[in-house]
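Student: Please take a close look at one part of this model: the pairing of charged side chains. Follow it into the surrounding strands and go on as far as the sheets and the pocket allow.

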Amino acid sequence: TYFTYATMRFLLILLYLSLVCAVFDPYQDSTRHEIVWPGSIAESSLPQTDSFIIRTAQKEQYRCFIPEKNSNNGAGDDSKAGTTGPDPESLLQNLYSHKDCSYRLESYWNYELCHGRYMKQYHEDPGSDGKKGKGSGKYTEYYLGYMKKKEVTPLEPPPATAEEEKIPTMIIEEKQHPYYAVDYVDGTPCDLGGDGRRTRVLYVCYEHGRNEIVLFRETSTCEYEAVVETPYLCQNSAYRIKEDPVHNIECRSLDNSPAFPRLYGEHVAAEMADAGDDVTAQPDTSEASPSHVEPARPDAGPIVRQFLEGTYCLRGGRGWWKYEFCYQRYVKQYHADRNGQTDVFLGYWNEQTHLDWFRQKEKRKRMSDKHVMHYYSKGDKCDLTKRPRDVQVKLRCAREGSASQVTVYLEEPSPCQYVLTVETMLLCSLIETVDQDGLFVLE
């Protein structure tokens, strides 16, 4: 018997619930499940759990496995929930020792946080020659504080849980985040009262964070608050977000069927296109995945062709800046609020420039069966380097997860030179077609 997508989805849920009732205790409403499509796997390697087979109207077949009772698949690293780790001040010493600085660009003021040293805000007005900087035009800056040193006691074990230590929390994107506060004091005297400006920097754990300033505000006159996402704190489990576990229902493809049903992929892609800016980037976990299964590839559908034509752009990001990637057009970061949208173009596509870059001997190593690198150049001029921005785009096939997941995150290995990683299952069929210059070829 074959089904349409809607009927298949209904029957899948119905069959799942009927089987669950036989092997599980009654589920609570808080229990979360997700259907994932990891691809094919040898019969000898199939999980030894209850399963059932579904077939689509396109004669695609999948065997779906019911998660075992108390299974934590897809639940993250909850096994470490009861552990702790090094003292947070000791962890941040690793950040301070690199002498890295983070920047936040707003409509008027720019902010510079040099971790472990100082926080300042500045504004540049170009001179008559159009140049910016301290030596031309008007340059205004205020130091918002210098770090107040704390006594570091790395050998003192922290309490077992955030509750015991009463670690403060704050809400970011509707989730409670434990944070560690560092005070920066005695900055430029305030015009009102004469006291030195001061900033409280709240460091929160984010495994894929780049030590970015994701939030900044003035809490009272000449007193400020900045929120920084950093991976360093994540070594102490008391500062990790306590996520509710998600139980995966794995549906493995059979008989050379694609990794996920073709109609399902087109349906999800259409929803993503309609969602626009609401598409949420998922944390990048591909490097830590234990699976090395080679899933079968779906056929290129209309959404893939729109992507190649540059009319369907991938968007994502976390925090202040969001990112937009339009294939063979441009890469930009942007921030939108009630006052409008700020765009910073990181690079534009030029095929000859890409070919010159890609054909260098050392760059040829940057292509594999999992990802391909493209080069976008001549973006907006950088205030720090006085040169145009440029960005290397790493397009990666997502080996696991659902077709609705899109990973988009940005790294800045040097000032105004970026690496943008875009990962989704929609790229899998394209990466198989790349030519010797890393360009997609679709018949």
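Tutor: A residue counts as buried under 20% relative accessible area and as exposed over 50%, with partly exposed in between. The model is a predicted one, and every value below is computed from it.

Take one pair to begin with. Lys120 and Glu141 form a salt bridge whose closest N and O atoms are 3.1 Å apart. The two residues are 21 apart in the chain, Lys120 in strand S6 (residues 118-125) and Glu141 in strand S7 (residues 138-147), so that the pair links distant parts of it. How buried or exposed is each partner of this bridge? Lys120 has 7% relative accessibility, and because this is under 20%, Lys120 counts as buried. Glu141 has 26%, which lies between the cut-offs of 20% and 50%, so Glu141 is partly exposed.

In general, side chains of opposite charge can pair when their charged atoms come close. The whole structure holds 10 salt bridges. Another one of them joins Glu225 to Arg217, with 3.0 Å between the closest N and O atoms. Glu225 is buried, because its relative accessibility of 17% falls under 20%.

A further salt bridge is made by the side chains of Asp343 and Lys332, at 3.5 Å from N to O. Asp343 belongs to strand S17 (residues 340-348) and Lys332 to strand S16 (residues 330-337), so this bridge ties together parts that are 11 residues apart in sequence. Lys332 is buried at 9% relative accessibility, whereas Asp343 is partly exposed at 33%. Both residues also belong to a network of salt bridges that links Arg315, Glu324, Lys332 and Asp343.

The strands of this last pair lead to a sheet. S16 and S17 are neighbours in an open sheet of 8 strands, ordered S14-S15-S16-S17-S18-S19-S21-S20, in which the pairing is mixed. Strand S14 (314-316) and S20 are the edges; each has a single partner strand, so one side of each has no neighbour in the sheet. From one strand to the next, the twist averages 25 degrees. Within this sheet, strand S18 (residues 371-378) pairs with strand S19 (residues 390-397) in the antiparallel sense, over 6 bridges. Tyr376 has Val391 in S19 as its bridge partner.

S20 leads on to a pocket. The second largest pocket has a volume of about 840 Å³. Its lining consists of 34 residues, and Cys101, Ser102, Tyr103, Glu212 and Glu412 are those nearest the centre. Strand S4 (101-105), strand S11 (212-220) and strand S20 (407-414) are the elements that give two or more residues to this lining. Sorted by class, the lining has 17 nonpolar, 8 polar and 9 charged residues.

A second sheet can be read in a similar way. This open sheet has 4 strands in the order S1-S13-S3-S2, and its pairing is mixed. Strand S1 (32-40) and strand S2 (51-55) are its edge strands, each paired on one side only. Direction ignored, neighbouring strands here are turned by 30 degrees against each other on average.

How do the individual strands of this sheet run against each other? S1 and S13 run parallel and are joined by 7 bridges, with Glu34 opposite Asn248 in S13. S3 and S13 run antiparallel and are joined by 5 bridges, with Phe65 opposite Glu250 in S13. S2 and strand S3 (residues 61-65) pair in the antiparallel sense over 5 bridges, and Ile54 stands opposite Tyr62 in S3. Strand S13 (residues 246-254) is mostly covered, with 8 of its 9 residues buried.

One loop of this region remains. Asp50 sits in the loop between S1 and S2 and, at 41% relative accessibility, is partly exposed. Asp50 and Pro67 are 17 residues apart along the chain, and 7.9 Å separates their C-alpha atoms.

Terms used:
Residues numbered from 1 in each chain as written. Predicted model: local features only at pLDDT ≥ 70, side-chain atom pairs only at ≥ 80, totals over all residues. Heavy atoms only, no water. Salt bridge = Lys/Arg side-chain N within 4 Å of Asp/Glu carboxyl O. Buried < 20%, exposed > 50% of the residue type's maximum accessible area, 1.4 Å probe, protein only. 1 Å grid on protein atoms, 1.4 Å probe; cavity = no way out; pocket = protein on both sides within 12 Å on 5 of 7 lines; lining within 4 Å. Points joined across faces, edges and corners; volume = space filled by probe spheres on them. Nonpolar A, V, L, I, M, F, W, Y, C, P; charged D, E, K, R; others polar. Pairing = 2+ DSSP bridges. Axes fitted to C-alpha atoms, helices over the stretch in contact; angles between N-to-C directions.
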